[in-house]
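Have a look at the sequence and the 3D structure below. This report walks through charged pairs, strands and rings in turn.

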Amino acid sequence: MLELPIEVKLWPVIIEQRGKHVYEYIMNINELDDGLPGYHDIWNFVEKGEFPAEATKKDRIALQRLASQYIIYGRQLYGQSPCRVQKLCIHGKDARKVMEEIHEGVFGPHMNGMMLAKKVLR
């Protein structure tokens, strides 16, 4: 319990219920697919050392730092976590399949929406 002075006004908290899964808000999986994965620029830099044509100097520095955490092995891009675990980068139908498997799998999610979204991103 918290004691508040009488002159303090409290406003009600409005909780909005959403109609779709949390990961759909975070990853925006329903947007149009341009045929390139979200990690396309990282892939090009790691593989060929090329920057995007419209990249500014700040963008180039940021891309270099970000790309240092990725490797290409067997024509697949892997991100490296701080504990040195390699994470496969996926997109498109593969990403949707992974999200559906995690959310609607045999055992179900057994967690709240934000924890589920974090698990999907991991």
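## A salt bridge

By the salt-bridge rule, the count comes to one. The model is a predicted one. The partners are Arg75 and Glu47. Their closest N and O atoms lie 2.6 Å apart. That pair passes the test because a side-chain nitrogen of Arg must come within 4 Å of a carboxyl oxygen of Glu. In general, side chains of opposite charge can pair when their charged atoms come close.

Where do the two partners sit in the chain? Arg75 belongs to the loop between β1 (70-73) and β2 (76-80). Glu47 belongs to helix α2 (residues 40-48). The two are 28 residues apart, so the bridge links distant parts of the chain. Arg75 counts as exposed, because its relative accessibility of 58% is over the 50% cut-off. Glu47 has a relative accessible area of 33% and is partly exposed.

## Two hairpins

Start with β1 and β2. They pair in the antiparallel sense, over four bridges. Within this pairing, Tyr70 stands opposite Gly79 in β2. The hairpin of β1 and β2 has two residues between the strands. Here Gly74 takes a positive phi near 60°.

Now follow β2 onwards. β2 also pairs with strand β3 (residues 86-88) in the antiparallel sense, this time over three bridges. Gly79 stands opposite Lys87 in β3. β2 and β3 form a hairpin with five residues between them. In that turn, Arg84 has a positive phi of about 70°.

## Two faces of β2

Which residues of β2 point to which face? Leu77 and Gly79 point to one face, and both are buried. Gln76, Tyr78 and Gln80 point to the other face and are not buried. The side chains thus alternate along β2. In a regular strand, side chains alternate between the two faces of the sheet.

## An aromatic pair

How many aromatic pairs does a search of the whole structure find? It finds one. The pair is made by the rings of Phe45 and Phe51, with centres 5.0 Å apart. Their planes meet at 40°, so the pair is tilted.

Is Phe45 buried or exposed? Phe45 is buried, because its relative accessible area of 17% is under the 20% cut-off. Phe51 has 24% relative accessibility, so Phe51 counts as partly exposed.

Technical notes: Residues numbered from 1 in each chain as written. Predicted model: local features only at pLDDT ≥ 70, side-chain atom pairs only at ≥ 80, totals over all residues. Heavy atoms only, no water. Phe/Tyr/Trp six-rings, centres within 6.5 Å; stacked < 30°, edge-to-face > 60°. Buried < 20%, exposed > 50% of the residue type's maximum accessible area, 1.4 Å probe, protein only. Pairing = 2+ DSSP bridges.
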